[in-house]
Amino acid sequence: MNNVPSHTRRDLLMGLGAAAALGAISGCTSNPYKSTYTTPIPTSVPFSTGTEVPNFPIPGLACDCHHHIYNNKYPADKTATLLPPNASVADYRLLQRRLGLQRNVIVQPSTYGTNNSLLVDSLREMGNNSRGVCVVDANVTDKELERLHAAGVRGIRFNLSFLVGVTPEMMLPLSQRIAPLGWNIQINGTGDKNLAYMDIFKKMPSRIVFDHLGQPPQPNGINHPSFKMYADLLNAGNTWIKLTGAYITSKQNDFGDTNLIARKYIEIAPDRLIWGTDWPHPTKKANEKPDDAKMMDQIAIWTSSAALQEKILVSNPAVLYGFN
């Protein structure tokens, strides 16, 4: 590992293992969703339109693999441009209740740059059925990676659309550092932005996760060069796709264009696809928030197979994020 010579890679891995075990022991009593399946219940949720529940059976231990928490008590990075209103853990629990979700992955937003304090505090509040994706730069110490791992973090995000506190040149060296830990490098960017780093993606030893279907621009969709890149990376076996944010690039009210992309990914690599809400939908105005139940219903449109739905919502997230 880099930066801290006194830590060998073996030392760090042993420390992380012990910390993770302690975290599992300490967290198991604090999480009310650990073993009881949560039946979806109609309710109003901040930053989400509608109140109804999804229209297909939600499997137990279903996971939302992409959402954010915001709290203005934590300082925003001075260079941040995306500054949404507060969206708390308590608010998010209402969404879990409405959708029948028991596991979740909190993604560090660009708002806070490399200050992961809110992320760590939110993971502690959520309990052992939560994982996190942080933002760190190339100067992060092994001790800090150990601390974040113990808190439940399992990945590093590079938001190429809102770069705050990091640069794209940090992706490969950080991928090399975290690969032995089982972490992933998570990429958020448009199809065109991501294409510019194709050679780096091919060299990454860690798992790679692309947000929001990889955002191949519409109406080109599956005919855009970025889709071919994602397909090739999926076939290489090291890449995962988040089937999230269909509304970000879709040009159709029924999301038919992005649904086609999702179905193609399912044909290529059903074992490396995950789903998430993108709540509280920070790129959407207050009067344009989507209906999260209807967005979740897209899963049943992509595939009518309960087995595949279980993969996307339960089994695949458990593999990627280390849920027990």
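User: In this structure, does arginine 157 count as buried or exposed?
Analyst: The model is a predicted one, and in it arginine 157 belongs to strand S4. Residues count as buried under 20% relative accessible area and as exposed over 50%. Because its relative accessibility is 5%, arginine 157 counts as buried.

User: Which residue's side chain makes a polar contact with the side chain of arginine 157?
Analyst: Leaving aside neighbours within four places in sequence, arginine 157 is in contact with a set of residues that includes His66, His68, Gln108, Gln186, Asn188, Asp211 and His212. From this set, the partner that meets the side chain of arginine 157 through a side-chain polar contact, at 2.9 Å, is aspartate 211.

User: How far apart in space, C-alpha to C-alpha, are arginine 157 and valine 136?
Analyst: Along the sequence, arginine 157 and valine 136 are 21 residues apart. In space, the C-alpha to C-alpha distance between arginine 157 and valine 136 is 8.0 Å.

User: Where is threonine 277 found, and what is its relative accessible area?
Analyst: Threonine 277 lies in the loop that runs between strand S8 (273-275) and helix H11 (292-302). Although it is a loop residue, threonine 277 is buried, because its relative accessible area, which would have to be under 20% for that label, is 4%.

User: Which residue's side chain is joined to the side chain of threonine 277 by a polar contact?
Analyst: Not counting residues up to four places away in sequence, threonine 277 touches Asp64, His66, His67, Leu95, Leu99, Tyr247 and Asp292. One of these is joined to threonine 277, side chain to side chain, by a polar contact of 2.7 Å, and that residue is aspartate 64.

User: How are H2 and H11 oriented to each other, and how is their contact composed by class?
Analyst: Helix H2 (residues 89-99) packs with H11 at an angle of about 50 degrees, their axes lying 10 Å apart, and the two helices are therefore oblique to each other, with a right-handed crossing. The contact is made by Leu95, Arg98 and Leu99 on the H2 side and by Asp292, Ala293 and Met296 on the H11 side. Leu95, Leu99 and Asp292 are also among the residues touched by threonine 277. By class, the contact of H2 with H11 comprises four nonpolar, no polar and two charged residues.

User: At what angle do H10 and H11 pack, and which residues of H11 make the contact?
Analyst: The axes of helix H10 (residues 256-268) and H11 are 10 Å apart and the angle is about 55 degrees, which makes H10 oblique to H11. The crossing of H10 and H11 is right-handed. H10 contributes Asn259, Ala262, Arg263 and Ile266, while the residues from H11 are Gln298, Ile301 and Trp302.

User: Are H8 and H10 roughly parallel or oblique to each other?
Analyst: In H8, Phe227, Tyr230, Ala231, Leu234 and Asn235 meet Ile261, Lys264, Tyr265 and Ile268 in H10, and by class this contact has seven nonpolar, one polar and one charged residues. The axes come within 10 Å and cross at roughly 25 degrees, in a right-handed crossing. Angles under 35 degrees count as roughly parallel, and H8 and H10 are therefore roughly parallel.

User: With which side chains does the side chain of histidine 224 make polar contacts?
Analyst: Histidine 224 sits in the loop between strand S6 (207-210) and helix H8 (225-236), and its relative accessibility of 7% is why it counts as buried. Leaving out residues up to four places away in sequence, histidine 224 touches Gly191, Asp192, Leu195 and Pro217. Its side chain makes polar contacts at 3.0 Å and 2.8 Å, with the side chains of aspartate 192 and serine 226.

User: What covers the buried residues of H3?
Analyst: In helix H3 (residues 117-126), the buried residues are Leu118, Leu119, Val120, Ser122, Leu123 and Met126. After H3 comes glycine 127, with a positive phi near 100 degrees. The elements covering the buried residues of H3 include H2, strand S2 (103-107), strand S3 (130-134), helix H4 (142-151) and strand S4 (153-159).

User: What share of the residues in the chain is buried?
Analyst: The chain contains 12 helices and eight strands. Of its contacts with a separation of 6 or more, 78% are between residues 24 or more positions apart. Among the 324 residues of the chain, the buried share is 55%.

Methods. Residues are numbered from 1 along each chain as its sequence is written. This is a predicted model: local features need pLDDT of at least 70, side-chain atom pairs count only at pLDDT 80 or more; totals for chains, interfaces and linings use all residues. Side-chain values use heavy atoms; hydrogens and water are left out. Helices (H or I, at least four residues) and strands (E, at least two) are DSSP runs, numbered from the N terminus. Buried means under 20% relative accessible area, exposed over 50%, partly exposed in between (1.4 Å probe, protein chains only). A polar contact is a pair of N or O atoms within 3.5 Å; within protein, one must be able to donate a hydrogen and the other to accept it, and residues adjacent in sequence count only if both atoms are side-chain atoms. Contact means heavy atoms within 4.5 Å. Axes are lines fitted to C-alpha atoms, for helices over the stretch in contact, and angles run from 0 to 180 degrees between N-to-C directions. Angles under 35 degrees count as roughly parallel, over 145 as roughly antiparallel, 65 to 115 as roughly perpendicular and the rest as oblique. A crossing is left-handed if the near helix is turned anticlockwise from the far one by less than a right angle, and right-handed if clockwise. Ala, Val, Leu, Ile, Met, Phe, Trp, Tyr, Cys and Pro count as nonpolar, Asp, Glu, Lys and Arg as charged, and the others, Gly among them, as polar.
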